[in-house]
Amino acid sequence: MLVLIRACFVFWYGTILSYSFAGIKRSRGTILKMTLFFAIAILLQIWTDSIGGSITAERLYPLTTHLPLVLWMILLHDVKWEVSIGSVITAYLCCELPNWVSQFGAIPFGSNDTVEVVIYCISSVTILLVLLRYLSPAIRALFMKSRVICIRYTIIPLLYYIWCYSTTV
């Protein structure tokens, strides 16, 4: 149950940041599309986990979550491909912040899983609000300048993404 709660918070955090970085405006329709995507992706994760186990689900996460989110933003929100990819990969990098906070915050409690998930949930909401307020407008402006600038900026998060998946999965 703890794994599912944390997975929902991670996904919620990353999707909201991706939408914000891509400049997708908040509206009833946007929230509906985001909620639909969230439901589909969570069901896909549960299905992947039930068929292949958690290790397989983790290995396929880029194909079951990140790639569909990129395509969803392109097809349903008319986001340019480079902005969509850059937004998702940059949001992935930002997902490390609450992860680090929860891991370090749980140390005094013997790295208890329950404590770590509670800290993760609280820190993800707090960090998300800060990033939406202070970082997102700058990232959005950078992505909207030109295709070349967007692609150049995306290289660092992309290298981290590749490194992270090649060393942890």
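Biologist: Which residues does Tyr-19 touch, not counting residues up to four places away in sequence?

Modeller: In this predicted model, Tyr-19 touches Ile-24, Thr-30, Lys-33, Met-34, Leu-69, Trp-72, Met-73 and His-77. Tyr-19 also belongs to the largest nonpolar core, which has 35 residues. Along with Tyr-13, Leu-17, Phe-21 and Met-73, Tyr-19 is among those that touch the most other members.

Biologist: Nice! Which helix gives the most to this core?

Modeller: That is α2, with nine residues. At least two residues each come from α1 (2-21), α2 (28-77), α3, α5 (113-145) and α6.

Biologist: Let's turn to α3. Why is α3 called oblique to α6?

Modeller: Helix α3 (residues 81-94) and helix α6 (residues 147-168) pack at about 40°, with axes 8 Å apart. Roughly parallel needs an angle under 35 degrees, and roughly perpendicular 65 to 115. The angle of about 40° falls in neither range, so α3 is oblique to α6. The crossing is left-handed.

Biologist: How do the residues of that contact divide by class?

Modeller: There are 15 nonpolar, three polar and two charged residues in the contact of α3 with α6. On the α3 side they include Trp-81 and Ile-85, and on the α6 side Tyr-153 and Leu-158.

Biologist: And what makes α3 roughly parallel to α4?

Modeller: Here the axes of α3 and helix α4 (residues 96-105) cross at roughly 10° and come within 5 Å. That angle is under 35 degrees, so α3 counts as roughly parallel to α4. Tyr-92, Leu-93 and Cys-94 of α3 make the contact with Glu-96, Leu-97 and Pro-98 of α4. Five of these residues are nonpolar and one is charged, with no polar ones.

Conventions. Residues are numbered from 1 along each chain as its sequence is written. This is a predicted model: local features need pLDDT of at least 70, side-chain atom pairs count only at pLDDT 80 or more; totals for chains, interfaces and linings use all residues. Side-chain values use heavy atoms; hydrogens and water are left out. Axes are lines fitted to C-alpha atoms, for helices over the stretch in contact, and angles run from 0 to 180 degrees between N-to-C directions. Helices (H or I, at least four residues) and strands (E, at least two) are DSSP runs, numbered from the N terminus. Angles under 35 degrees count as roughly parallel, over 145 as roughly antiparallel, 65 to 115 as roughly perpendicular and the rest as oblique. A crossing is left-handed if the near helix is turned anticlockwise from the far one by less than a right angle, and right-handed if clockwise. Contact means heavy atoms within 4.5 Å. Ala, Val, Leu, Ile, Met, Phe, Trp, Tyr, Cys and Pro count as nonpolar, Asp, Glu, Lys and Arg as charged, and the others, Gly among them, as polar. A nonpolar core is a set of buried Ala, Val, Leu, Ile, Met, Phe, Trp, Tyr and Cys residues joined through side-chain atoms within 4.5 Å. Buried means under 20% relative accessible area, exposed over 50%, partly exposed in between (1.4 Å probe, protein chains only).
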